[in-house]
Amino acid sequence: MYRVIGGRRIAGEVRVGCAKNAVLPILAATILTREPVTIEDCPELSDVKNMLAILETLGCHIQATPEGVRIDAGCAGRYEMPEHLSKQLRSSIFMLGPLIGRFRRAKVTYPGGCEIGQRPIDLHLKGLRALGVTIREEHGMIYCDGQKLRGAEVYLDFPSVGATENVMMAAVLARGETTIHNAAREPEIRDLQDFINCLGGCVRGGGTDCVRIRGVSTLSGAHYRPLSDRIVAGTLLAAAAATRGELTLRDVVSSDLGAVTDKLRQAGCDLQVEEDKIVLSAQGKLKPFEISTQPFPGFPTDLQAQFMALACAIEGASVIVENVFENRFAHAAQLRRMGADIFLSNRLAVVRGGRLQGAQVQAGDLRGGAALVIAALAAEGESVIENVELIDRGYASLEKTLSRLGAQIRRIG
C-alpha cells in the first residue's frame with residue numbers, strides 16, 4: 001500500500017519510459033521470428049513480467065542484457081497459452097495472432113485484467129476468421145486452426161486496438177495481402193508496425209484507419225526501442241496540475257498527447273510543447289473542464305480517471321463523458337471517500353471540485369489506482385491507498401518517481 005501526505009507540489013523533471021501498451025504487443029510479436037530480438041528500455045512492470053513468463057512457457061529463451069531484454073523464440077514449440085498467466089493479464093490475448101501466424105494454430109483461455117467493462121474479444125475473433133482461421137469456443141477455451149490462413153479484407157465494426165494488432169500479427173506470415181478497414185489509429189499501432197518492419201515485415205498505414213499487410217515467408221531479428229508512454233506522461237501532468245506544480249517531461253512524443261495538453265490548457269495550465277518535451281506550470285487558479293473520451297486522436301479513456309481526480313481538485317463543475325468503456329467510473333466511489341462531490345448517470349460524471357481530505361481508499365483497477373494517488377497528493381492530510389499492485393501493472397515504481405518530484409509518498413507493507 002501507499003502512504004501519502006498531501007499538500008506537496010509536484011515539481012521537477014522526469015524522463016518518460018517506454019509504453020506498456022506498446023511493449024506488450026511487441027513482446028507478443030517476437031514469437032513470429034526464429035531469430036533473437038532485443039527490446040531496449042523494457043519497463044519493469046508486472047504486466048511485462050507476466051508477458052515474458054508466457055513467452056518462456058511457450059519455449060522462448062528470455063535474457064536480461066545491458067542492451068535490454070533479449071527474446072529468442074527459435075526453439076518455441078508450444079501454441080497453448082498457460083491459463084494461470086492468461087487470467088492475470090488482459091494483454092495475453094495479443095498472443096493469439098502471433099501463435100496463429102507462427103504455428104498456424106493456437107489454444108488460449110479468455111484473458112483477465114482490470115474489470116473496467118465487458119471488453120469482448122469478438123472483434124479479434126471476427127478479424128481472424130476473415131483471414132481463414134477456424135475458431136471453436138468451448139469450456140472457456142478458444143481453439144484456433146489457421147491451416148488456411150491467407151490475406152483478406154478485414155472490416156472492424158469498431159476501431160479496436162487489440163483487434164487491429166492481432167489481425168496485423170496474424171497476417172504478417174500469411175500468404176497474400178491483408179487490408180484492415182476501420183483500424184485503430186492509436187500510436188501503439190504505428191509502433192507495432194515499425195517493429196514488424198524492423199524484422200523484415202511489410203506493413204503500411206499504421207496510425208491511420210486503413211492498415212495494409214503484405215505477407216512474407218520469414219522474419220529476422222532486431223534491436224528495437226518502443227515509443228514512450230503517453231499515459232504515464234498524462235498521469236504525471238495531471239498530478240502536477242492537481243498540486244499546482246511545475247513539471248518538465250522529456251522523451252515524450254508530444255504529438256500523441258495533443259488531446260491531453262489541450263484539456264490542460266483549458267483548465268488554465270501554462271504549457272510549452274516541443275517535439276519531445278513538455279513543460280507544464282499550474283501556478284494560477286485552475287478552471288473546470290469538459291472531457292469526452294474517444295479512440296485516438298480523441299481524449300484517451302486510459303486518462304479519464306486521472307483527470308477526474310484533477311477535476312476534484314479544481315473549484316467548479318467539470319463534466320466527463322466515458323464513451324469507450326461502460327464501467328469505468330468505479331474510482332468515483334473511492335474519490336468520494338476523500339470528500340469529492342461526484343454525480344454519476346450512466347456514462348456521464350459531473351465533478352464539483354473543491355477541497356479533498358486524506359482517507360483510506362482502495363485501488364480497483366490500474367488507472368483508477370493512479371487517480372487515487374493524484375487525489376491523495378492534492379488532499380489535505382494523510383491517505384492510505386491499498387491494492388497498489390494494480391498500479392504496478394502500468395507504472396514502474398510510481399512512488400519513487402513522485403518522491404523525486406517532491407511528493408511525500410512511500411510504499412509500506
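**Close-up views of a predicted model**

**View 1. Arg 104 follows helix α4 with a positive phi.** In this predicted model, the residue after α4 is Arg 104, and its phi is positive, near 65°. Helix α4 itself spans residues 96-103 and is mostly covered, with 8 of its 8 residues buried. The buried residues are Leu 96, Gly 97, Pro 98, Leu 99, Ile 100, Gly 101, Arg 102 and Phe 103. Among the elements that cover them are the helices α1 (20-29), α5 (122-130) and α6 (161-171), together with the strands β6 (105-109) and β8 (141-145).

**View 2. Cys 144 and Cys 269 are buried cysteines outside any disulfide**. Searching the whole structure gives 0 disulfides. For Cys 144, the nearest cysteine sulfur belongs to Cys 60 and is 18 Å away. Cys 144 has a relative accessible area of 5% and is buried. For Cys 269, the closest cysteine sulfur is in Cys 312; at 15 Å, the pair is too far apart for a bond, because a disulfide requires the sulfur atoms to be within 2.5 Å. Cys 269 also counts as buried, at 7% relative accessibility.

**View 3. The second largest pocket has a volume of about 440 Å³**. Its lining comprises 21 residues, of which Arg 15, Val 16, Gly 17, Ala 396 and Thr 401 are the closest to the centre. Two or more lining residues come from each of β2 (11-15), α8 (230-242) and α13 (398-404). The most are given by α13, with 4 residues. By residue class, the lining of this pocket holds 11 nonpolar, 4 polar and 6 charged residues.

Methods: Residues are numbered from 1 along each chain as its sequence is written. This is a predicted model: local features need pLDDT of at least 70, side-chain atom pairs count only at pLDDT 80 or more; totals for chains, interfaces and linings use all residues. Side-chain values use heavy atoms; hydrogens and water are left out. Buried means under 20% relative accessible area, exposed over 50%, partly exposed in between (1.4 Å probe, protein chains only). Contact means heavy atoms within 4.5 Å. On a 1 Å grid over the protein atoms alone, a cavity is a set of points where a 1.4 Å probe fits but cannot get out, and a pocket is an open set with protein on both sides within 12 Å along at least five of seven lines; lining residues have an atom within 4 Å of a point. Grid points are joined across faces, edges and corners, and a volume is the space filled by probe spheres set on the points. Ala, Val, Leu, Ile, Met, Phe, Trp, Tyr, Cys and Pro count as nonpolar, Asp, Glu, Lys and Arg as charged, and the others, Gly among them, as polar.
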